[in-house]
Amino acid sequence: MTSNFFKDIHEANKNGVAYKNIRLKKKILAYFATNETATIAELSKEFNISIPKINECVSELIEDELVKDYGKTTSAVGRKPNIYGLVANSAYFIGVQVGIDNLSISMINMKKDIVSKKDNIPYLLENNEQSLLDICKEINEFIAKHNIVKEKILGVGINLTGRINYRTGYSYSYFNFYEDPLSKLFEENIGIPTFLENDTKALSYAEFSSGILTDEKDALFINVDNGIGLGIMIDGKLYYGKSGFSGEFGHISIFDNDIICKCGKKGCLETEASGYALIRRVTDQINDGATSSLTKKFKKIEEIKLNDIISAAKKDDNLCIEAINYIGDKLGRGIASLINIFNPELIIIGGVVAKSEEYLSLPLKNAVNKYSLSTVNRDTKIILSSKNDNLASFGACLLLRDRLLNVTD
Ligand SMILES: [Zn+2]
């Protein structure tokens with residue numbers, strides 16, 4: 001059975017002969033996860049291991065119902081060998097995006113097909129135990145609704161905003177009131193191995209994996225939502241930094257202002273170039289007497305959301321257009337620094353604010369030209385993501401699948 005193999009991975013003595021065998025099987029699975037299918041000879045060549053040994057491992061994986069024989073290859077000349085690959089529904093991975101006011105849960109199979117997805121589940125993110133238990137309740141209900149043996153769900157990946165150490169399972173921004181790693185608490189409540197991820201990293205990974213890249217290996221994804229997040233891909237791999245805290249782009253200090261950022265410091269990029277900053281700019285100006293179509297629509301200006309500002313701009317509301325232009329200029333200034341540092345091939349701008357399209361991208365590109373070195377920025381293509389908002393839970397599934405299938409130790 002599927003579950004036994006993965007249970008063995010966690011429990012086997014890492015120096016034993018049995019572990020060597022498990023490790024080779026895991027490598028074979030990882031190879032299939034990336035390359036779809038292979039013949040025994042190809043695997044033997046890839047891992048420099050004898051054909052009988054590979055044969056034995058593949059047979060065991062077939063017995064475990066993780067791998068299957070896909071029949072004779074059509075490409076080879078002469079005697080045609082059989083090709084092998086993953087069994088799509090032999091195992092599943094669940095990904096959860098914890099938003100400020102909703103949850104999204106996805107489930108994929110071994111072949112990355114989305115088997116089930118539930119978006120916009122009403123939820124309120126607060127830093128207390130009830131809010132944490134609400135997440136567990138929704139995940140457990142999601143699992144219960146599917147007619148799948150729980151052991152076949154190999155893991156749950158949960159995206160949270162803020163500082164996450166994905167290696168230790170600690171969260172430093174939300175639910176940070178326990179002594180044990182947060183991932184362990186989730187695991188006890190759900191009964192399936194659980195891993196935490198930073199939400200921007202998961203979303204970046206989903207974006208990078210969704211066909212937007214041609215052959216770029218160095219790319220940046222900037223998530224401009226209420227805050228500003230950054231996902232960094234270097235040489236085709238997501239870059240985490242020592243503790244997983246890389247990408248705190250929103251909190252680089254580049255402005256000499258007196259606005260207190262939500263991190264507690266002053267002058268952060270987020271204070272001038274984020275969704276929060278956009279809302280503040282529009283509402284401050286309305287409070288100062290500026291006119292906008294939003295004043296007719298909203299009796300209480302504190303109810304104005306990002307989407308309302310973007311929709312108003314698209315209907316020619318000058319106040320909203322100018323506010324988005326301003327954000328684009330400030331964001332471009334921050335991105336100019338990133339270009340100077342990383343020399344990336346591609347920058348993808350995503351998140352709700354990216355829906356402002358040219359109102360954001362034109363001033364942004366102007367600022368990039370103004371503040372970065374022309375020899376460097378010539379290499380960089382900047383595009384807006386046209387994807388919907390709900391890719392983050394899929395990203396959590398993909399990261400989890402990679403983490404559980406790939407040999408990293
Ligand atoms: Zn800050």
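Let's start at Asp-316: with 57% relative accessibility, Asp-316 counts as exposed, since the cut-off for that label is over 50%. Keep in mind as we go that this is a predicted model. Asp-316 sits in the loop that links helix H11 (306–314) to helix H12 (318–342). Its backbone is worth a look too: phi of Asp-316 is near 70°, a positive value in a residue that isn't glycine. For context, most residues other than glycine have a negative phi.

Asn-48 tells a similar kind of story. Here phi is positive as well, at about 55°, and again the residue is not a glycine. You'll find Asn-48 in the loop between helix H3 (40–47) and helix H4 (51–63). With a relative accessibility of 71%, Asn-48 counts as exposed.

Now over to the metal. Four protein atoms act as donors to the zinc ion: ND1 of His-251, plus the SG atoms of Cys-261, Cys-263 and Cys-268, at 2.0 to 2.3 Å from it. Along the sequence, these donor residues follow the spacing H-x9-C-x1-C-x4-C.

What arrangement do the four donor atoms form around the zinc ion? The angles they subtend run from 103 to 124°, so the arrangement is tetrahedral. The criterion behind that label is that all angles lie between 85 and 135 degrees. As a reference point, the ideal angle for four tetrahedral donors is 109.5 degrees.

Finally, check how accessible two of the cysteine donors are. Cys-261 has a relative accessibility of 7% and therefore counts as buried, whereas Cys-263, with a relative accessible area of 33%, is partly exposed.

Technical notes:
Residues are numbered from 1 along each chain as its sequence is written. This is a predicted model: local features need pLDDT of at least 70, side-chain atom pairs count only at pLDDT 80 or more; totals for chains, interfaces and linings use all residues. Side-chain values use heavy atoms; hydrogens and water are left out. Donors are N, O and S atoms within 2.8 Å of the metal (3.2 Å for Na, K and Ca); water is not among the atoms, so sites may look incomplete. Four donors count as tetrahedral if all angles lie between 85 and 135 degrees; four count as square planar and six as octahedral if opposite donors are over 155 degrees apart and all others between 65 and 115; anything else is irregular. Buried means under 20% relative accessible area, exposed over 50%, partly exposed in between (1.4 Å probe, protein chains only). Helices (H or I, at least four residues) and strands (E, at least two) are DSSP runs, numbered from the N terminus.
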